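User: I have a model open and want to go through the fold, the core and the charged pairs. Can you take my questions as they come?

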Amino acid sequence: MNPSTTAFQDQIPDNHCYGCGPLNDQGLQIKSYWTGPDTAECRFTPAPHHCAGPTHFLNGGIISTIIDCHCICTAMAKAYQVAGRPIGEGERLWFATGDLQVRFKRPVPMGEEILLGATVEDVSEKKIRVSCTLTAGGKVCVESDVLAVRVPAGWFE
């Protein structure tokens, strides 16, 4: 593990993603950090415009986006860790969502910080599987599994 006080997303070059890209000033700009060798967390406080139909619950699309981005960035950070180099250094290790399974257990309330806890479950050269739990008010609201698939550096050309 290479602990850092700099979020994964802030170390990934050319990250314009709506959910996690620091280069997207209109995006959600989530931040993920290692909490252990295979675990990472993200804290996010929804803004009022992130609501669902009922204004006291978080929109499901926003929930899916922050889970997806937290898990993909955790997978990328893990790939760099396995390669033995800091995030963003050397040949680009970029991953995209191959599969996203989201299981909504209860509505996510607005107006409070939510916690995303990701665990790297399986690592190979081209695929990384990450599980995630979204907790609000001490209660598990959403569980998820994400398959991150490595994509070629040519995606950026």
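User: What does helix 1 lie across, and at what angle does it run to strand 3?
Analyst: Helix 1 lies across strand 1, strand 2, strand 3, strand 4, strand 5 and strand 6 (139–151), and it runs at about 135 degrees to strand 3. Axes are lines fitted to C-alpha atoms, for helices over the stretch in contact, and angles run from 0 to 180 degrees between N-to-C directions. Contact means heavy atoms within 4.5 Å. Helices (H or I, at least four residues) and strands (E, at least two) are DSSP runs, numbered from the N terminus.

User: What am I looking at, and what filters apply?
Analyst: This is a predicted model, in which local features need pLDDT of at least 70 and side-chain atom pairs count only at pLDDT 80 or more, while totals for chains, interfaces and linings use all residues. Residues are numbered from 1 along each chain as its sequence is written, and side-chain values use heavy atoms, with hydrogens and water left out.

User: In what order do the strands sit in the sheet?
Analyst: The order is 1-2-4-5-6-3, in an open sheet of six strands with antiparallel pairing. Two strands pair if DSSP finds at least two bridges between them. Strand 1 (32–34) and strand 3 (94–104) are at the edges with a single partner strand each, so one side of each has no neighbour in the sheet. From one strand to the next, the twist averages 25 degrees.

User: How many bridges does strand 4 make with strand 2, and how many with strand 5?
Analyst: Strand 2 (residues 39–44) and strand 4 (residues 114–123) are joined by six bridges and run antiparallel. Strand 4 pairs with strand 5 (residues 127–136) over nine bridges, also in the antiparallel sense. On the strand 2 side, Ala40 has Ala118 as its bridge partner, and Thr39 has Thr119. Thr119 also stands opposite Ser131 in strand 5.

User: What joins strand 4 to strand 5?
Analyst: A hairpin, through three residues. Ser124 is in that loop between strand 4 and strand 5, and its relative accessibility of 38% counts as partly exposed. The cut-offs are under 20% relative accessible area for buried and over 50% for exposed, with partly exposed in between (1.4 Å probe, protein chains only). The C-alpha atoms of Ser124 and Ala79 are 8.9 Å apart, with their positions 45 residues apart along the chain.

User: Core next. Which element gives the largest share of the largest nonpolar core?
Analyst: A nonpolar core is a set of buried Ala, Val, Leu, Ile, Met, Phe, Trp, Tyr and Cys residues joined through side-chain atoms within 4.5 Å. The largest one has 44 residues, and those with the most contacts inside it are Ile30, Ile66, Ile67, Val108, Ile114, Ile128 and Leu134. Helix 1 gives the largest share, 13 residues.

User: What does Val108 touch?
Analyst: Leaving aside neighbours within four places in sequence, Val108 is in contact with residues including Phe57, Leu58, Ile63, Ile114 and Leu134.

User: Switching to charges. How many salt bridges are there?
Analyst: Eight, where a salt bridge is a side-chain nitrogen of Lys or Arg within 4 Å of a carboxyl oxygen of Asp or Glu. One of them is Asp38 with Lys78, at 2.5 Å, N to O. Asp38 is in the loop between strand 1 and strand 2 and Lys78 is in helix 1, so the pair ties together parts 40 residues apart in sequence.

User: Is Lys78 buried or exposed?
Analyst: Buried, at 9% relative accessibility. Asp38 is partly exposed, with a relative accessible area of 30%.

User: Which other pairs are there?
Analyst: Lys105 and Glu143 meet at 3.6 Å, N to O. Lys105 is in the loop between strand 3 and strand 4 and Glu143 is in strand 6, 38 residues apart. Salt bridges with shared partners also join Glu41, Arg43 and Glu113 into one network. Within that network, Glu41 and Arg43 meet at 3.3 Å, N to O.

User: And Asp68, how far away is the nearest side chain of opposite charge?
Analyst: It is Arg103, 13 Å away; Asp68 is buried yet has no salt bridge. For charge, Lys and Arg count as positive and Asp and Glu as negative; His and the chain ends are not counted. Asp68 is in helix 1 (residues 60–83). Leaving aside neighbours within four places in sequence, Asp68 is in contact with Thr97, Leu100 and Val146.
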